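Open the model in a viewer and keep the selection panel at hand. The stops below begin with the ligand and end in two loops.

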Amino acid sequence: MSNIVLYGIDISPPVRACLLTLRALDLPYEYKNVDLLAGEHKTEEFLKKNPQHTVPLLDDDGTLIWDSHAICCYLVDKYGKSDELYPKDLVKRAHLEQRLYFDASVLFMSLRNICVPYFYKQVSEVPQEKIDNIIDGYTHLEKFLGDNPYVTGDTLTIADFCCAATASSLPAMLPIDPEKYPKIIAWLARLSELPYYQEANNEGAEKYINILKDVFTIV
Ligand SMILES: N[C@@H](CCC(=O)N[C@@H](CS)C(=O)NCC(=O)O)C(=O)O
């Protein structure tokens with residue numbers, strides 16, 4: 001029996017990657033909303049749990065883990081009935097982790113570098129180079145997908161959850177052009193067929209896009 005608490009806010013892509021993993025594993029969990037705009041992630045109580053003051057934060061019976069990628073890996077390793085979502089095979093795992101680091105360092109950062117200045121300082125002017133970072137991310141993702149249904153090949157993994165949570169939110173800043181990125185569009189549609197995907201990801205992504213879609217001006 002698990003005693004899992006996930007701290008988060010559903011507009012956050014990394015939080016949604018963890019929700020997708022929890023739902024795919026069919027794990028019971030408690031969800032505690034953290035209002036970032038009200039500064040709930042900077043309270044003494046939260047900082048004691050996560051000095052980096054980010055969500056998602058996982059509390060598994062006192063074991064504290066933050067960073068969505070680390071959380072998703074931990075959940076599958078600890079609770080997965082199989083290793084399908086996070087294969088133990090060395091090479092498969094290495095390829096999958098490349099996609100996780102890609103999400104953490106390229107795709108998600110292209111989003112965070114635009115939305116943080118807006119949420120905390122109301123900066124709505126976005127330099128073209130920040131949009132170019134999103135284009136780079138889409139271009140790489142399109143190539144990674146190649147002719148495969150999922151980002152690491154034939155099977156669904158946590159790399160899909162992490163990359164898709166971000167990719168489905170980035171249209172807040174730049175729509176995914178179906179002419180240029182047909183594979184990304186098809187992959188997101190494929191993931192949307194998962195029975196838990198709408199609730200765990202798309203509702204939060206839609207909320208995120210609705211908050212941000214008309215606020216940015218490219219300079
Ligand atoms: N690499 C981290 C990024 C987490 C992150 O930046 N979360 C944002 C919300 S989307 C956050 O907590 N921002 C508040 C802060 O950084 O103070 C992850 O994957 O969990």
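Domain bounds here come from an automatic or database domain assignment. This is a predicted model, in which local features need pLDDT of at least 70, side-chain atom pairs count only at pLDDT 80 or more, and totals for chains, interfaces and linings use all residues. Residues are numbered from 1 along each chain as its sequence is written, and side-chain values use heavy atoms, with hydrogens and water left out.

Colour domain 1 (4-79) and domain 2 (90-218), then show the ligand: both domains give residues to the shell around the ligand, so it lies between them.

Next, select the residues near the ligand (one heavy atom within 4 Å of it). There are 14, and His53, Val55, Asp67, Ser68 and Arg112 are the closest. By class, the shell has six nonpolar, six polar and two charged residues; Ala, Val, Leu, Ile, Met, Phe, Trp, Tyr, Cys and Pro count as nonpolar, Asp, Glu, Lys and Arg as charged, and the others, Gly among them, as polar.

Which helices should be selected for the shell around the ligand? Helix 3 (68-79) and helix 4 (90-121) each supply at least two residues, and the largest share, three residues, comes from helix 4. Helices are DSSP runs of H or I with at least four residues, strands runs of E with at least two, numbered from the N terminus.

Now display the side chains of Asp67, His69 and Arg112. An N or O atom of the Asp67 side chain is 2.8 Å from a ligand nitrogen. Ligand oxygen atoms lie 2.7 Å from a polar side-chain atom of Arg112 and 3.5 Å from one of His69.

Move on to the backbone. Val55 and Pro56 are joined by a cis peptide bond, with omega about 5°; Pro56 is in the loop between helix 2 (44-49) and strand 3 (57-60). Finally, select Asp61, in the loop between strand 3 and strand 4 (63-66). Asp61 is not glycine, yet its phi is positive, near 55°.

Key:
Polar contact = N/O pair within 3.5 Å; in protein donor to acceptor, adjacent residues only side chain to side chain.
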